[in-house]
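Colleague: Could we go through this one together? I have a few questions about how the fold is packed and where the ligand sits.

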Amino acid sequence: MNVVVLSGGGGGARFARGVYDVVGPGELTVIGNVGDDLEFLGLHVSPDLDSLLYTLAGLLDEGRRWGRAGETWNALAAAGEWGGETWFRLGDRDLGLHLVRSEALRSGRSLAEVTAELVRRAGVSARIVPATNDRLRTHVLTETGRVSFQEWFVGRGHEDEVVAIEYEGAEAASPAPGVVEAIEEADAVLLAPSNPFLSIGPIVAVPGIRTALERRTVRCVAVSPLIGGAAVTGPLARMLSRMSGGTAPRQVAGCYTGLIDALVIDEADVPAEADVPLVVDSTLMADRAAERRVAEVALEAACA
Ligand code: FO1
């Protein structure tokens, strides 16, 4: 069975791990968000691809939910002593990956090629593919101006109200090699319980990916990232209220019009109605068993 998951952020990575645990080796392709990517201290950082890599490889810091376990921060502290920026926390172990990826990109290799190599070295038997090799960056429009995603999310602690989102470069971006093929060959497509605006939005803003999803002949099922109308972590509930007028399943489904055949929601969100069929279960991924259970529910809904 070939399964494609679209994912961004920590929740997306843990859902992908649930799917990874329940499908056979080599059966999972995860298409990762690159809208959060940034250049920091001269290095190319791909936080969502790295969350996937670290999570599937068992290297993630499970408490922080980003970066590597057993991390130390000496290089960043030293950079700060020399006047370098330190607001985006790159740990010593994490830096090793950014050094290798940045050098490979500078030498002309694509983000997809480098990512595949990292996945191979990590011993992960799923494919992690960036949505695009082209430059795509999410920007947030707030009442005080336009900032890059990480400047708003980490730099400002996502406090400013979001008025609109821009996926800079998306219109001109092509899907990375393998992305459209994976969707075309999939037996099921799943949208992880990630932020629809910040994580899935940049992926489906790539015209070739949106078209491939719209032309799918298999079912596509999304898992709502909200529980009881609230986000488990992050700014989604505030964003949905302001930009979609509410935090019910209807508003989550509304972010995916034309792209999904069903939405998995939590028991805390019923009674509910939406323009697509709703599948009700417990969606809190508190541990590995819960990740697997949510994955199974989504897969069952996709194979119905
Ligand atoms: N999140 C933070 O809240 N603060 C950080 O300093 C930070 C650094 C960081 C470094 C590498 C990495 O892969 C992720 C990092 N994150 C950090 C998480 C990241 O900003 C977000 O979780 C994702 O971009 C949201 O999808």
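Colleague: Which residues of helix 12 are buried?

Modeller: Happy to start there, keeping in mind that this is a predicted model. Buried here means under 20% relative accessible area. In helix 12, the residues that meet this are A290, E291, V294, A295, V297, A298, L299, A301 and A302.

Colleague: And what do the buried residues of helix 12 pack against?

Modeller: One partner is a helix, helix 1 (9–22). The others are strand 1 (3–7), strand 9 (188–191), strand 10 (220–223), strand 13 (262–266) and strand 14 (278–281).

Colleague: How far apart are the end C-alpha atoms of helix 12, and why does that agree with its 15 residues?

Modeller: The expected span takes 1.5 Å times one less than the number of residues. For the 15 residues of helix 12 that gives 21 Å, so the span agrees with the distance between its end C-alpha atoms, 21 Å.

Colleague: Which element gives the largest share of the largest nonpolar core?

Modeller: That core has 86 residues, and V5, L6, F15, V19, L190 and I260 touch the most other members. V5, for one, touches residues including F15, V19, L28 and L190. The largest share, seven residues, comes from helix 12.

Colleague: Lovely. How much of the ligand does the protein bury?

Modeller: The ligand is surrounded by 14 residues, with D36, D48, F88, R89 and Q150 the closest. A side-chain N or O atom of D36 is 2.8 Å from a ligand oxygen, and a backbone N or O atom of R89 lies 2.9 Å from a ligand oxygen. Alone, the ligand exposes 530 Å², and the protein buries 87% of that.

Note on methods:
Residues are numbered from 1 along each chain as its sequence is written. This is a predicted model: local features need pLDDT of at least 70, side-chain atom pairs count only at pLDDT 80 or more; totals for chains, interfaces and linings use all residues. Side-chain values use heavy atoms; hydrogens and water are left out. A nonpolar core is a set of buried Ala, Val, Leu, Ile, Met, Phe, Trp, Tyr and Cys residues joined through side-chain atoms within 4.5 Å. Buried means under 20% relative accessible area, exposed over 50%, partly exposed in between (1.4 Å probe, protein chains only). Helices (H or I, at least four residues) and strands (E, at least two) are DSSP runs, numbered from the N terminus. Contact means heavy atoms within 4.5 Å. A residue is near a molecule or strand if one of its heavy atoms lies within 4 Å of it. A polar contact is a pair of N or O atoms within 3.5 Å; within protein, one must be able to donate a hydrogen and the other to accept it, and residues adjacent in sequence count only if both atoms are side-chain atoms. Accessible areas come from the Shrake-Rupley method with a 1.4 Å probe; for residues, only the protein chains shown count as cover. Lists of a residue's contacts leave out its neighbours within four places in sequence.
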